[in-house]
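Trainee: I should like to understand how the terms used for a structure are justified. May I put some questions to you while we look at one together?

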Amino acid sequence: MRIGGWAADVGLGAVFAAVLAFWASRIADSWGGGYWRFDCAAGAVVCVIALARRFDPARAAAAGLAVAATAVLAARFVELPSEPGPGMALGLAVLVGTAVRALPVRTACGVAAGGLAVAAGSLLTAHTLAAGVPSVTLMNVLAWAVAVVAGLCPRLLDARRRAVADRVRRAERLRLARELHDVVAHHVTGIVVQAQAARLVARKSPEKAGDALAEIEAAGSGALAAMRRVVGLLRDPDEPAAPAPGAVTGLGGLGELVGRFEAGGRAVRLRLPGEEETATWPSEVAGTVYRIVQESLTNVSRHAPHARSVTVSVERDRETLTVEVADDSPRGPSRHHQRGGYGLIGMRERVEALGGTLRAGPSPGAGWSVLATLPVPRSQALPERARR
């Protein structure tokens, strides 16, 4: 359990103890004798169970409801003060709220129904109904309602966040699939043209037909590799997605992108491989590099207003391509939460679809860094070289 969770439970335990002590004193004043002992003991048991709810919310809720139901029956038949009392009602509210937020739908509904039954069961322990619904029953039902709302609201918010994240992932898959479709069409067109040329070569110079066939084989290998990615990425063909800028044209658009960002008043240090090397990269890889830099610079504009400079580095080591975008803004307490938006989900989906990895987080000392690694198989460059 995190430190924040422990601190919250310590505070909750103090509230439980204060409520139990207060109600015990009220029972002692109005009923006299040791009538307060049963309410205090039963309420303390439920409160302890509520404090242990994080280990197993379902079993904790079942145990708390069982203790509360037993207390209601005991108070009914042994002429004890009304149950559940405020301390027990508060513990049940914590258990019900946790269950509604965290447990599966059916289990959460069962716990909520059980909590309502126990709250309404205080009618059985009321010693007079002449004045209408007893105040203890109203208190229990109100505590139950607050618990259900408190658990349901974050549950619905989490469901909404998951739905938005799924839409972002789907859109990113379709965007990349669209780009890869263009790449495959390009390769297939090249294969057709080379096949037509090979027929002419075979007629005029049969000894050169082998070279033409080698070019066709290399182009076909590149097309098949791209097609495998397309098949793995297509999920929802009903939702169109436009290709990202620079997807097919390589990294030539990065200079313009950085120029627009620098117009906002921040300096950018851009380190790229030479054009001869980047020209041999698969278009889907070049488009992903562009997308990572674009989204990272957008995040700097939105979430790092105090950043003075940004470093964009694209390097290749054999068959691994590394892309890093780092800024120098001072670290803030809530920055990690602000920088973890849906853009990162889309970037991660795109990078992982190509077999790479993505890490985003604070840099050592200060600033924020987005680091992605992508595989660039040497075979992907063969179709380009074969056409030279």
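Trainee: What makes Arg76 lie over the face of Phe77?

Mentor: A charge sits over a ring if NZ of Lys or CZ of Arg is within 6 Å of the ring centre and within 35 degrees of the ring normal. Arg76 is 5.9 Å from the ring centre of Phe77 and lies over its face. Please note that this is a predicted model, in which local features need pLDDT of at least 70, side-chain atom pairs count only at pLDDT 80 or more, and totals for chains, interfaces and linings use all residues. Residues are numbered from 1 along each chain as its sequence is written, and side-chain values use heavy atoms, with hydrogens and water left out.

Trainee: Why is the pair of Trp31 and Tyr35 called tilted?

Mentor: Rings of Phe, Tyr and Trp (its six-membered ring) pair if their centres lie within 6.5 Å; planes under 30 degrees apart count as stacked, over 60 as edge-to-face and the rest as tilted. The structure holds 1 aromatic pair. Its rings, those of Trp31 and Tyr35, are 5.1 Å apart centre to centre, with 55° between the planes, and therefore the pair is tilted.

Trainee: How do you know whether Trp31 is buried or exposed?

Mentor: Buried means under 20% relative accessible area, exposed over 50%, and partly exposed in between (1.4 Å probe, protein chains only). Trp31 has 34%, so Trp31 is partly exposed. Tyr35, at 35%, is partly exposed too.

Trainee: How do you know that the span of helix H2 agrees with its number of residues?

Mentor: Helices (H or I, at least four residues) and strands (E, at least two) are DSSP runs, numbered from the N terminus. The expected span is 1.5 Å times one less than the number of residues. For the 17 residues of H2 (residues 35-51) this gives 24 Å, and the end C-alpha atoms are 25 Å apart, which agrees.

Trainee: What makes the buried residues of H2 line one face?

Mentor: The buried residues include Asp39, Ala42, Val46 and Cys47. Seen down the axis, the buried residues of H2 fall within an arc of 160° (taken from the directions from the helix axis to the C-beta atoms), so they line one face of the helix. Arg37 and Val48, on the other side of H2, are exposed.

Trainee: Why is the contact of Arg54 with Asp9 called a salt bridge?

Mentor: A salt bridge is a side-chain nitrogen of Lys or Arg within 4 Å of a carboxyl oxygen of Asp or Glu. The closest N and O atoms of Arg54 and Asp9 are 2.9 Å apart, so the pair qualifies. The two residues are 45 apart and link distant parts of the chain: Arg54 is in the loop between H2 and helix H3 (57-77), and Asp9 is in helix H1 (residues 3-30). Asp9 is buried, at 8%, whereas Arg54 is partly exposed, at 38%.

Trainee: What separates Arg161 and Asp158, whose side chains also meet in a salt bridge?

Mentor: Arg161 and Asp158 are 3 residues apart in helix H6 (residues 135-204), and are therefore separated by about one helical turn. Their N to O distance is 2.9 Å.

Trainee: How do you know that Cys47 forms no disulfide?

Mentor: A disulfide is a pair of cysteine sulfur atoms within 2.5 Å. The sulfur of Cys47 is 9.1 Å from the closest cysteine sulfur, in Cys40, which is too far for a bond. The structure holds 0 disulfides.
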